[in-house]
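Reader: I'm new to this one and don't want the grand tour. Please pick a single chain, walk me through it piece by piece, and explain the terms as you go.

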There are 2 protein chains.
Amino acid sequence: MQDQHIFFMQKAIELARKAFAHDEVPVGAIIIDANKKIIGTGYNQVEKKQSQLGHAEIIAITKATKKMNSWRLERCWLYVSLEPCAMCINLILLSRIEGIVFGASSPKFGYQLDKEGLISLYRRNTIQVLQGVCQTESALLLKQFFQQKRVKE
Amino acid sequence: MQDQHIFFMQKAIELARKAFAHDEVPVGAIIIDANKKIIGTGYNQVEKKQSQLGHAEIIAITKATKKMNSWRLERCWLYVSLEPCAMCINLILLSRIEGIVFGASSPKFGYQLDKEGLISLYRRNTIQVLQGVCQTESALLLKQFFQQKRVKE
């Protein structure tokens with residue numbers, strides 16, 4: 001089970017590297033269906049799209065719903081290299097995704113910021129969450145990106 | 001000032017009627033810029049698009065960011081016939097919209113459900129919220145839609 005999580009998280013991290021190469025905050029996401037087939041992929045493109053709907057999770061979910069021809073992703077799991085923000089968490093819940101696996105934590109923008117909100121939100125929807133898969137690798141990529149940004153500016 | 005709010009909310013309600021005509025939950029939204037020019041419109045298309053990204057607010061924001069060629073909608077206001085859900089509230093905040101005016105309340109899906117969450121969220125981002133503009137009209141449209149649905153089923 002752990003091997004599977006690492007395998008899919010590595011795919012998400014590969015996508016995060018693509019974002020990095022395009023000078024976007026390096027976050028990548030994939031969605032797998034009940035048969036563990038990848039049905040959606042995305043990497044952060046907020047600057048390219050000039051829209052906050054350019055988050056990796058949103059792009060991956062959009063592709064998955066198109067592939068499934070349904071907004072209901074009931075037996076699907078999302079892998080994302082960074083803890084989702086509150087907008088993405090709510091889209092994940094509305095899309096009825098079964099579970100989330102994430103890598104690096106996001107103390108500033110992650111939904112965990114409001115501890116109580118997180119619990120009540122999750123309880124209402126009973127979504128499964130597994131955190132910290134390939135955390136060091138995901139976090140390092142983000143660190144490198146912001147270090148490089150500071151050097152440039 | 002109140003007249004302006006009613007004028008723009010009526011535009012949002014007109015869009016909600018379009019959603020109704022397409023057999024979608026009747027919610028409409030518009031965005032105005034600092035000059036009070038409409039720069040984005042949307043009506044609910046969740047079923048047509050088979051995506052939770054079909055919410056009226058999301059469609060209006062997408063159009064506005066394209067028009068402005070920027071994800072920053074800093075001096076813009078959103079008018080929406082129904083209280084936004086938690087996903088939309090977070091997109092609104094991330095997009096740096098200055099204020100929201102909404103019509104009908106949404107006790108089930110509105111972000112107000114978590115009273116504390118709402119307050120801390122708003123405080124963090126200092127967004128202005130005005131509620132209950134054309135509330136009766138917005139709510140009646142939703143009531144009629146769900147009544148009609150029940151008769152059909």
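**A close look at chain B**

Author: Let's start at Asn69(B), which sits in the loop between α3 and β3 of chain B; helices (H or I, at least four residues) and strands (E, at least two) are DSSP runs, numbered from the N terminus. This is a predicted model, where local features need pLDDT of at least 70 and side-chain atom pairs count only at pLDDT 80 or more, while totals for chains, interfaces and linings use all residues. Residues are numbered from 1 along each chain as its sequence is written, chains are lettered from A and ligands numbered from 1 in the order in which they are written, and side-chain values use heavy atoms, with hydrogens and water left out.

Back to Asn69(B): it isn't a glycine, yet it has a positive phi of about 50°. That catches the eye because most residues other than glycine have a negative phi. Asn69(B) is also exposed, with a relative accessible area of 59% (buried is under 20%, exposed over 50%, partly exposed in between, using a 1.4 Å probe and protein chains only).

Arg96(B) is another non-glycine with a positive phi, of about 60°. You'll find Arg96(B) in the loop between α4 (86-94) and β4 of chain B, and at 38% relative accessibility it counts as partly exposed. Asp23(B), just after α1(B), takes a positive phi of about 60° too.

Now for the sheet those loops lead into. Five strands of chain B make an open sheet in the order β2-β1-β3-β4-β5, with mixed pairing; two strands pair if DSSP finds at least two bridges between them. The edges belong to β2 (38-43) and β5 (128-131) of chain B, and each has a single partner strand, so one side of each has no neighbour in the sheet. On average, neighbouring strands of this sheet are turned by 15° against each other, direction ignored (axes are lines fitted to C-alpha atoms, for helices over the stretch in contact, and angles run from 0 to 180 degrees between N-to-C directions).

Zoom in on β3 (residues 77-82) and β4 (residues 99-104) of chain B, which pair in the parallel sense over five bridges. Val80(B), for instance, has Phe102(B) in β4(B) as its bridge partner. Helix α3 (residues 56-68) of chain B packs on the sheet and touches β1 (28-32), β2 and β3 of chain B, its direction making about 150° with that of β2(B). Contact here means heavy atoms within 4.5 Å.

Next comes helix α1 (residues 2-21) of chain B. Its 20 residues should span 28 Å at 1.5 Å a residue (the expected span is 1.5 Å times one less than the number of residues), and its end C-alpha atoms are 29 Å apart, which agrees. Quite a few of its residues are buried, among them Phe8(B), Met9(B), Ile13(B), Leu15(B) and Phe20(B). The buried residues of α1(B) pack against β1, β2, β3, β4, β5 and α6 (135-152) of chain B.

What about aromatic rings? Over all chains, a search of the whole structure finds eight aromatic pairs. In one of them, the ring centres of Phe7(B) and Phe8(B) are 5.2 Å apart and the planes stand at 75°, so the pair is edge-to-face (rings of Phe, Tyr and Trp, with its six-membered ring, pair if their centres lie within 6.5 Å; planes under 30 degrees apart are stacked, over 60 edge-to-face and the rest tilted). Phe7(B) is partly exposed at 47% relative accessibility, whereas Phe8(B) is buried at 5%. Phe145(B) and Phe146(B) also pair up, with centres 5.2 Å apart and planes at 85°, so they are edge-to-face as well. Phe145(B) is buried, with a relative accessible area of 2%, while Phe146(B) is partly exposed at 37%.

One last stop, in helix α6 of chain B: that is where Ser138(B) lies. Ser138(B) is buried, with a relative accessible area of 2%. Its side chain reaches the backbone oxygen of Cys134(B) at 3.0 Å (a polar contact is a pair of N or O atoms within 3.5 Å; within protein, one must be able to donate a hydrogen and the other to accept it, and residues adjacent in sequence count only if both atoms are side-chain atoms). Leaving aside neighbours within four places in sequence, Ser138(B) is in contact with Ile13(B), Ser81(B), Gly103(B), Ala104(B) and Val133(B). Ile13(B) is one of the buried residues of α1(B), which links this stop to the helix we looked at earlier.
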